[in-house]
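Q: Could you take me through a single helix of this protein in some detail? I would like to know which side of the helix faces inward and what packs over that side.

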Amino acid sequence: MLRIAVPNKGSLSEPASAMLHEAGYQQRKDRRELVLVDAANEVEFFFLRPRDIAVYVGSGKLDIGITGRDLLLDSGAEADEILQLGFAGSTFRYATRPGTAQHVTDFGGMTVATSFPGLVRAHLVEHAVDASVVRLDGAVETAIQLGVAEIIADVVETGTTLRNAGLEIISDPILLSEAVVIRGRGTDVEAPKVKQFLRRMHGVLVARRYVMMDYDIRAEHVEQAVRLTPGLESPTVSPLHDKGWVAVRSMVPSSEAQRIMDDLYDLGARAILTTNIHACRI
Ligand SMILES: Nc1ncnc2c1ncn2[C@@H]1O[C@H](COP(=O)(O)OP(=O)(O)OP(=O)(O)O)[C@@H](O)[C@H]1O
Ligand SMILES: O=P(O)(O)OC[C@H]1O[C@H](OP(=O)(O)OP(=O)(O)O)[C@H](O)[C@@H]1O
Ligand SMILES: [Mg+2]
C-alpha cells in the first residue's frame, strides 16, 4: 500500500482533501479520523500536522505527502518536491515598523521573530547577516509591538495582517510557496503506485485549468482557427454534413476561453461551446 501524508488542519487541509477526492481517492468524513485505508486504491492516508509531514516523509516512514514548500524547506527534512499543486500560494517575507530597516543586509545585531526559523537562519547566513532568530508558534506580528523582535519573517498572502499591524514589507521575498507533493529520498517515483498517484493529481490540475471547446467553422478557415486552439496534442477536426464546414474540438486554458471564443467568432466560427472537464489523464 502507498502511504500518503495529508495535512489535518490549517490552510492546506481542505484543498488537499478536495483534490484527493477529485482524484478518485476516498477521504475522511470526520475531521478527527487520523488514518484512512482506501483499500480499492491500495492507498493509506495519514492525517498529520502540516509542519510534521516533511519529517515523516523525509524519515521514510511515509512514501509521499502533501505540504507547503515553505514548511518543507523550513524542516530541513530529506525530502523533495515532485509536483506543484497550485493552491495555498503565499510569499515568505520580512516586515518591520517603518524606518527600522529596508533590506536584509540592514538586520545586523537585530532580532527576527518567525515560525520558520530554519528558513530564516539559512537566508541570513546566505546574506552573511549576523542577526538573532526567535522562534514563535504564530501571531508573530505582535512580537514587534511587544518588543521581542525588531523584524518578523512570516507567510504573506494578501498582506492584510501586516497592514493591520502597522508593519511594512521589506527586502526581496525569501521564498514563493505553494502546496506541493513531496517524496522521501528512498521513495521510487517510478514505482507504479506512485506514478499512478502523480498521474491522477496531474489529471485534476489539468481538468481544473482547461475547458473543452467545440465549434463549427468554414473549411477554408480551419487552419487559422486551430492556431487559436492548438490543444495539448492536436485538435480533432471532423467533417460536417455540409461539406463547406468542419467541427473542431480542442482543450483550451479556461483563463483564456472567453478571449478565444471572441476571436473564433470574428473568424466566422459558430456554435462555439465550452464544457468543463470532469477528469482526465494526459
Ligand atoms: N493566509 C495564509 N496563512 C497561513 N498559511 C498560508 C496562507 N496562505 C497560504 N498558506 C500556506 O499554508 C501553509 C501553512 O499551513 P498551516 O497549517 O500552518 O496553516 P495555517 O492556516 O497557518 O494554520 P494554523 O491555524 O495552524 O495557523 C504554508 O505552506 C503557507 O505558505
Ligand atoms: O497576508 P494575509 O492574507 O493577511 O495572511 C497571512 C497571515 O495568515 C497567517 O496567519 P494565521 O491566520 O495562520 O495565524 P498564525 O499566525 O497564528 O498562524 C500568517 O501567519 C499571516 O499572519
Ligand atoms: Mg498559521
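**A close look at one helix**

A: Happy to, and some orientation comes first: this is a predicted model, and Arg51 sits in helix α2, which runs over residues 50-58. Arg51 has 16 C-beta neighbours inside 10 Å, so Arg51 counts as partly exposed. Its C-alpha atom is separated by 19 Å from that of His123, a residue 72 positions away along the chain.

His123 brings us to the helix you asked about, α4, made of residues 117-126. Four of its residues are buried: Leu119, Val120, His123 and Leu124. These buried residues lie on the same side of α4, because they cover an arc of only 125° around the axis. The spacing fits a general rule: an α-helix has 3.6 residues a turn, so residues three or four places apart point the same way. On the other side of α4, Val125 and Glu126 are exposed.

What packs over the buried side? The cover of the buried α4 residues includes one helix, α3 (69-75). Strands also contribute to it, including β6 (90-96), β7 (111-114), β8 (132-135), β9 (151-156) and β10 (168-177).

After α4 comes Ala128, which has a positive phi, near 50°.

Further along the chain, an unreviewed UniProt entry annotates residues 207-278 as "domain: Histidine biosynthesis HisG C-terminal". That span is 28% helix and 40% strand, and its end C-alpha atoms lie 6 Å apart.

Definitions and conventions: Residues are numbered from 1 along each chain as its sequence is written. Chains are lettered from A and ligands numbered from 1 in the order in which they are written. This is a predicted model: local features need pLDDT of at least 70, side-chain atom pairs count only at pLDDT 80 or more; totals for chains, interfaces and linings use all residues. UniProt positions are given in the numbering used here, feature names are shortened, and annotations may be inferred rather than shown by experiment. Helices (H or I, at least four residues) and strands (E, at least two) are DSSP runs, numbered from the N terminus. A residue is buried if 20 or more other C-beta atoms lie within 10 Å of its own, exposed if 12 or fewer, and partly exposed in between; C-beta atoms are placed from the backbone. The arc is that of the directions from the helix axis to the C-beta atoms. Two residues are in contact if their C-beta atoms, placed from the backbone, lie within 7 Å.
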